[in-house]
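Visitor: Could you take me on a close look at one part of this model, and then show me how the aromatic rings and the nonpolar cores are arranged around the rest of the chain?

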Amino acid sequence: MDLGEAGDSPWGDSSTKTQSQDAESSQQSQSSIKSPTGRGSRGPIRRLVAQPTKLEAADDPLGPLGPLGANASPGADAQADEPPVPPQKEQMVIRTTMPQPAQRRAGPADPHRIEDDDLERPVGLRAPPPVQAAQPSPVRATSQPSVSIEQAAKPSFYITVGDPIKVGDLTSSHIVYSVRTKTTSKGYKQPEFEVKRRYRDFLWLYNTMHGNNPGVVVPPPPEKQALNRFESNFVESRRAALEKMLNKIAAHPTLQHDPDLKLFLESESFNVDVKHKERRDPIPGESKGVLGSFGINVGGGSKFVEQDDWFHDRRVYLDALENQLKALMKSMDTMVIQRKAMAESAGEFSASLHALSTVELSPTLSGPLDALSDLQLTIRDVYDRQAQQDVLTFGITIDEYIRLIGSVKQAFSQRQKAFHSWHSAESELQKRKSAQDKLLRQGRSQQDRLNQVGAEVADAERKVHQARLLFDDMGRLMRAELDRFEREKVEDFKSSVETFLESAVEAQKELIEKWETFLMQLDAEDDETVFYRPPIYQGGDKAAGRGDTAVDRARATIDEDSD
């Protein structure tokens, strides 16, 4: 088929021909390519570029790359005839080879200089980088340690009781303490504040919180003392006990939300506020409390017999613990008295040694005697300090838990009253039901009276239900309180014993150091100036060279007699 003439060309047909006819015509025209003049009559230009590329790639016997070593013809047609370049495989960096400077990746500076170390090493196996010590993170250093949500939401209190000052005249004298509080609670006006309180204010707080929270073990204040209540040691021990009481109340999850605690810690006019509060809300007696607020009669009833074995065992345990702590407190008092007696004896011994050193004529003997006298004074101070530390560390903990056991027994007593109130309400309910049954048997003649008795029966049932719930809730609360009492007891006694032993060890170390120093001075026999003390001159005796000691006076007397 000759494509030289335009009429015989397959592209000369009408544009309505199908794509298959166009492909067949293009194959015939590719088999006999003529001069470029024949391409002028072809169809659209878009077919001129794409179709020869496909057919030539398929019919070329030398392959798509053409003959080896052949030069590519320039021009647009040559570029159109070339096949697309196949993708090349990405080069992988082998870690055992030395990286080139040009191949180093761009990015932030290497803080550990690992790439710089690689450049400086010889070619070969790469040694592992040195492990550096972990450095503290600046973010962690400024952030607080993570705590639970309950602990984060729980307010913290730090209360100190100090600056005891005696105020008043001879008949109304008492000690006033400064109560300083630091808290994170939002219920207070300020995070830090200070008020003045006396002992009876602490006692009011205890009694009020004990009535407001039946079943809760409220930390009690120290007991009153009629004699020697202004003595320094007693005032200091009471101050420490009151401070510990307030901090334990503020750390309790229930008592820290009591409004009376806020009144005690924050009120500037405490006495006036307490009077207004008592006038507005009278404080219920010990026999009433929460039960009285429900309209439930509280009576002693018959003797209480514990039905729960758990509470019975705890009551027996508390009685035995109280007896043991009282015996320990008695022994503690005896030991403190003995320490004070030893301190007094050491002081008397020091005075005797000093008197002997003043009459001794030989300085080689009077010097050591005087030094031993000073050493006994140091021993006296150590015994006095140790006796006071024993009271403030171990003795105050023993006394605190003796009083806490008394507070626990009061909680037991409240539970017993709740039990009697429950049974009293049940007895009252039975009476109301008997009266109701009697009226029902009489018929409908007393309908008004029957309605009234029905209302009384419903009210009695409500009281029985409330008394039963209160008794059960108080039992569950006391179980939790006794478990808390045991945990705190172990922690407090452990801390007190450790402090007691540390103070005893420090006191003995101080005594040993003083005795060793004294022995070293005695061993220096060749040095006569170790214990030498220059005489004390007064007035005109200084010009005459006369001292004021007993030895100097005795020598002056001998000189006068010789004259």
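Guide: Let's start in the loop between helix 11 (290-293) and helix 12, where Lys 303 lies. This is a predicted model, so please read every value below as computed from it. Lys 303 has a relative accessible area of 76%, over the 50% cut-off, and therefore counts as exposed. His 420 is 117 residues from Lys 303 in sequence, yet the two C-alpha atoms are 9.5 Å apart in space.

From that loop we can step into helix 12 (309-359), which, like helix 13 and helix 14, supplies at least two residues of the largest nonpolar core. That core has 38 residues, and helix 13 gives the most to it, with 15. Leu 318, Leu 325, Ile 398, Val 408, Phe 412 and Phe 485 are the members with the most contacts inside the core. Phe 412 is a good one to click on: leaving aside neighbours within four places in sequence, Phe 412 is in contact with Phe 311, Arg 314, Arg 315, Leu 318, Met 478 and Leu 482.

Phe 485 deserves a second look, as it also takes part in a ring pair. The ring centres of Tyr 401 and Phe 485 are 5.6 Å apart and the planes meet at 55 degrees, so this pair is tilted. Tyr 401 belongs to helix 13 (residues 363-442) and Phe 485 to helix 14 (residues 447-523), so the pair ties together parts that are 84 residues apart in sequence. Both rings are hidden from solvent by the accessibility criterion: Tyr 401 is buried at 0% relative accessibility, and Phe 485 is buried with a relative accessible area of 4%. Elsewhere, an arginine joins a ring in another way: Arg 479 lies over the face of Trp 310, 4.7 Å from the ring centre.

Now move to another core, which lies apart from the one above and has 30 residues, including Phe 157, Phe 202, Met 209 and Phe 270. Phe 157 pairs with Tyr 188: the centres of their rings are 5.7 Å apart and their planes stand at 75 degrees, so the pair is edge-to-face. Phe 157 sits in strand 1 (residues 157-167), while Tyr 188 is in the loop between strand 2 (174-183) and strand 3 (192-198), and the pair links these parts of the chain across 31 residues. Phe 157 has a relative accessible area of 16%, under the 20% limit, so Phe 157 is buried. Tyr 188 counts as buried too, at 9% relative accessibility.

Two other members of this core, Phe 202 and Phe 270, are linked by ring pairs with Tyr 177, Trp 204 and Phe 264 into a cluster. Phe 264 has a charged partner as well: the charged end of Arg 197 sits over the ring of Phe 264, 5.4 Å from its centre. In total, the model has 16 aromatic pairs.

To finish, here is the whole chain. The protein chain has 16 helices and three strands, and 30% of its 563 residues count as buried. Among contacts with a separation of 6 or more, 70% come from residues 24 or more positions apart. The chain exposes about 37700 Å², and carbon and sulfur atoms supply 54% of that area.

How values were computed: Residues are numbered from 1 along each chain as its sequence is written. This is a predicted model: local features need pLDDT of at least 70, side-chain atom pairs count only at pLDDT 80 or more; totals for chains, interfaces and linings use all residues. Side-chain values use heavy atoms; hydrogens and water are left out. Rings of Phe, Tyr and Trp (its six-membered ring) pair if their centres lie within 6.5 Å; planes under 30 degrees apart count as stacked, over 60 as edge-to-face and the rest as tilted. Helices (H or I, at least four residues) and strands (E, at least two) are DSSP runs, numbered from the N terminus. Buried means under 20% relative accessible area, exposed over 50%, partly exposed in between (1.4 Å probe, protein chains only). A charge sits over a ring if NZ of Lys or CZ of Arg is within 6 Å of the ring centre and within 35 degrees of the ring normal. A nonpolar core is a set of buried Ala, Val, Leu, Ile, Met, Phe, Trp, Tyr and Cys residues joined through side-chain atoms within 4.5 Å. Contact means heavy atoms within 4.5 Å. Accessible areas come from the Shrake-Rupley method with a 1.4 Å probe; for residues, only the protein chains shown count as cover.
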